[in-house]
Amino acid sequence: MVKLAQRMSQLAESATLAVAAKAARMKAEGVDVVDFGVGEPDFPTPPHVARAGISAIEAGQTRYCKPTSGTAAAKQAVCAKLARENELSYSPEQVIITEGGKMGVYLAMQAVLSPGDEVVIPAPYWVSYPEIAKLAGGNPVFVRGSETNDYKLTPDELRRALTPRTRMVVLNSPCNPSGVTYHPNETRALADVLQDRDLLVLSDEIYDRLVFDGQKALSYAASSPAAHAQTLTLNAGSKTYSMTGWRVGYVAGPREVIKAMAAIQTQSTSGAATFTQAALATALTAEQSAVEAMRVEFERRARHMWQQLTAMPGVRCPRPTGAFYCFPNVSACTNRMGLRGSVEFADRLLGEAHVATVPGAGFGLEGHVRLSFATGMSMIDEGLARMAKFIR
Ligand code: PLP
């Protein structure tokens, strides 16, 4: 047996992976699976963005990125985006371009966490936060929002989770997996709790453009000057511009933290590919009609899926106001059907009804499953009809 690093014993095998692997196997065998498991838009990268990447390759932008923290053009485009859409003022030295949003989370945690530092993570959460925190030596501290508040953290819940060891608070609005967006007043109320604390907020705003029902997601850093000084604002091309495979994202925040993140990037990956950064710069600065078209379609699907889910007996679901997920509570169904929890529910739903979902256990909230509506309307109808029959 090969001996692996000690840290590997702490890294959880993704609970979501087993169902995804089984769904992939079934599809390969020709089973007609309705896949609600996907975490990426079902739209192509907008053609003008793709062309910008291709042109950059043809123009020879295929060498090491200098500096590794990102091209001047990409950093400027990020600053312009954050000023235009998020009311945030940053200079290019306060920005790092990363290999996707995930690497932004990774670099941020590596740069600021020391062993034993606590990272407050509201549950349900995106699966990777706790694992990345642990890899950096941090201790995840989970705070579960209440169902009656659509799983959003209240100021009191946040306050109770803080200790002298808290080094970071992770916020994610709109949220994966709940699909819920904090109201600006709720964001400001959380900022009031944190304003005098010596900690950093990692505000993951990767779904900030995909909001519905006239909501606007307020950037945490825009809630006050104190919040601005303590925040790492994270985003990526992935969700907004359907660029998941391009692997390009960005983080803006205090200069010293960005510099530390860049130092790690220099000694590890050497940064994002130069031509993907050219595509990101175009995505952020050119006209935005493709984003709005995708947002409108997601809004339509969100309403439709939520209405169908909440009409199912025993299913409760927060109304999605952003991202592209519904996160129904199916615990009444699992109890009725004698199932042990969300993993068995998702497994049986896949095996018997051929519908792939992601069990809530991996997102820190049992009794739920995540359904992505990044799939066409007819697939949504077909999958939900199968699910309704399954839980009957
Ligand atoms: N943050 C959240 C909340 C996500 O849902 C995801 C992807 O699913 C990421 C970050 C990572 O995105 P990327 O593909 O840019 O690494």
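**Exercise 1.** Which residues in α2 meet which residues in α10?

*Solution.* Begin by locating the two helices in this predicted model: α2 covers residues 47-58 and α10 covers residues 274-285. Next, list the residues in contact, which are H48, V49, A52, G53, A56 and I57 on the α2 side, and F275, A278, A279, T282 and A283 on the α10 side. Sorting the residues of this contact by character then gives eight nonpolar, three polar and no charged. The spacing of such positions can be read from helix geometry, because an α-helix has 3.6 residues a turn, so residues three or four places apart point the same way. Finally, describe the packing: the helices lie at an angle of about 145 degrees with their axes 8 Å apart, and α2 passes α10 in a right-handed crossing.

**Exercise 2.** Determine which residues of helix α7 are buried, and what they pack against.

*Solution.* Within α7, which spans residues 184-194, the buried residues are P184, T187, L190, A191, V193 and L194. Follow their contacts outward, and the buried residues of α7 are found to pack against two helices, α6 (155-161) and α8 (225-229), and against the strands β5 (166-172) and β6 (200-204).

**Exercise 3.** Describe how domain 1 and domain 2 of the chain meet.

*Solution.* The domain assignment places 10-39 and 289-391 in domain 1, and 47-285 in domain 2. Their centres, taken over C-alpha atoms, are separated by 26 Å, and the contact takes 31 residues from domain 1 and 31 residues from domain 2. The area buried between the domains is about 2,700 Å², with carbon and sulfur atoms giving 58% of it. On the domain 1 side, V291, T321 and F363 supply 22% of the area buried against domain 2, more than any other three residues.

Notes. Residues numbered from 1 in each chain as written. Predicted model: local features only at pLDDT ≥ 70, side-chain atom pairs only at ≥ 80, totals over all residues. Heavy atoms only, no water. Axes fitted to C-alpha atoms, helices over the stretch in contact; angles between N-to-C directions. Helix = DSSP H or I, 4+ residues; strand = E, 2+ residues; numbered from the N terminus. Left-handed = near helix turned anticlockwise from the far one by under 90°. Contact = heavy atoms within 4.5 Å. Nonpolar A, V, L, I, M, F, W, Y, C, P; charged D, E, K, R; others polar. Buried < 20%, exposed > 50% of the residue type's maximum accessible area, 1.4 Å probe, protein only. Domains from an automatic or database assignment. Buried area = accessible area lost by both parts, 1.4 Å probe.
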